[in-house]
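Here are some short exercises to work through with the structure open beside you. Try each task on your own before reading the solution that follows it.

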Amino acid sequence: MDSYFIKLHATHSQVKMRLAEIRFDLRWTIRQVKEALERKYGSSADTMSLELRNLSEQFVCSMSNDQETLAHYGPQEGYTIHVVDSAPSSLLAQLEDVSQVEKY
């Protein structure tokens, strides 16, 4: 049963933070992957497009069909899913801006 799961990294076009080793089910549709990433990054799944990147962070392919499974795109352990948000929230950038944190 574990053969259906893969550990991938995730990055976002508007956030510097890299999420490491997220477990994804290869049977999930790309829509389900977007919904999982929506919970992690806060971007709407409706405004996301996903790119698969290899171990060297080089572009492999665009995961553009929401009905296809993750397995269809052939990710390998340690690859990265890069989220490109077409309607980025200014809130995302604010979350990483430590200059706005009150100092004591």
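## Warm-up: the whole chain

Among contacts in the chain between residues at least 6 apart in sequence, 56% join residues at least 24 apart. Please keep in mind that this is a predicted model.

**Exercise 1.** List the elements of the chain from the N terminus on, and find what share of its residues count as buried.

*Solution.* Start with the inventory: the chain has 2 helices and 5 strands. Next, read from the N terminus, which gives the series β-β-α-β-β-β-α. Finally, turn to accessibility: 38% of the 104 residues count as buried.

## The sheet

**Exercise 2.** Work out the order of the strands in the sheet and decide which strands stand at its edges.

*Solution.* Step one is the order, E2-E1-E5-E3-E4, in an open sheet of 5 strands with mixed pairing. Step two is to look for strands with a single partner: these are E2 (15–25) and E4 (59–63), so each has one side without a neighbour in the sheet. Step three is the twist: ignoring direction, neighbouring strands are turned by 30° against each other on average. As background, strands of a sheet pair through backbone hydrogen bonds, either parallel or antiparallel.

**Exercise 3.** Describe how strand E3 is joined to E5 and to E4, and give bridge partners for Met 48, Leu 50 and Glu 51.

*Solution.* Begin with E5. Strand E3 (residues 48–53) and strand E5 (residues 80–85) run antiparallel and are joined by 6 bridges. On this side, Met 48 stands opposite Asp 85, and Glu 51 has His 82 as its bridge partner. Now turn to E4: this strand also runs antiparallel to E3, with 4 bridges between them. Here Leu 50 faces Met 63 as its opposite residue. To finish, check burial: 5 of the 6 residues of E3 are buried, so the strand is largely enclosed by the rest of the structure.

**Exercise 4.** Take Thr 47 and find which residues beyond its sequence neighbours are in contact with it.

*Solution.* First locate Thr 47, which belongs to the loop between H1 and E3. Then compare two separations: Thr 47 and Asp 85 are 38 residues apart in sequence, yet their C-alpha atoms are 5.6 Å apart. Leaving aside neighbours within four places in sequence, the contacts of Thr 47 are Val 84, Asp 85, Ser 86 and Ala 87.

## The core

**Exercise 5.** Name the residues with the most contacts inside the largest nonpolar core, and say which elements supply at least two residues of it.

*Solution.* The largest nonpolar core has 22 residues, and those with the most contacts inside it are Phe 24, Leu 37, Leu 50, Met 63, Leu 70 and Ile 81. At least two residues come from each of strand E1 (5–12), E2, helix H1 (30–41), E3, E4 and E5. Now follow one member, Leu 50. Setting aside neighbours within four places in sequence, its contacts include Val 33, Leu 37, Met 63 and Ile 81.

## Rings and charges

**Exercise 6.** Classify the aromatic pair formed by Phe 24 and Trp 28, then find which rings lie under Arg 23 and Arg 27.

*Solution.* A search of the whole structure gives 1 aromatic pair. The ring centres of Phe 24 and Trp 28 are 6.1 Å apart and the planes stand at 90°, so the pair is edge-to-face. Compare the partners: Phe 24 is buried at 1% relative accessible area, while Trp 28 is partly exposed at 26%. For the charges, Arg 23 lies over the face of Phe 5, at 4.6 Å from the ring centre. The charged end of Arg 27 sits over the ring of Tyr 4, 3.9 Å from its centre.

## Backbone signs

**Exercise 7.** Examine the phi values of Glu 21 and Glu 57, and place each residue in the fold.

*Solution.* Start from the usual case: most residues other than glycine have a negative phi. Glu 21, though not a glycine, has a positive phi of about 50°. Glu 21 is in strand E2 and counts as exposed, at 52% relative accessibility. Glu 57 has a positive phi near 65°, in a hairpin of E3 and E4 with 5 residues between the strands. At 29% relative accessibility, Glu 57 is partly exposed.

Definitions and conventions:
Residues are numbered from 1 along each chain as its sequence is written. This is a predicted model: local features need pLDDT of at least 70, side-chain atom pairs count only at pLDDT 80 or more; totals for chains, interfaces and linings use all residues. Side-chain values use heavy atoms; hydrogens and water are left out. Two strands pair if DSSP finds at least two bridges between them. Axes are lines fitted to C-alpha atoms, for helices over the stretch in contact, and angles run from 0 to 180 degrees between N-to-C directions. Rings of Phe, Tyr and Trp (its six-membered ring) pair if their centres lie within 6.5 Å; planes under 30 degrees apart count as stacked, over 60 as edge-to-face and the rest as tilted. Buried means under 20% relative accessible area, exposed over 50%, partly exposed in between (1.4 Å probe, protein chains only). A charge sits over a ring if NZ of Lys or CZ of Arg is within 6 Å of the ring centre and within 35 degrees of the ring normal. A nonpolar core is a set of buried Ala, Val, Leu, Ile, Met, Phe, Trp, Tyr and Cys residues joined through side-chain atoms within 4.5 Å. Contact means heavy atoms within 4.5 Å.
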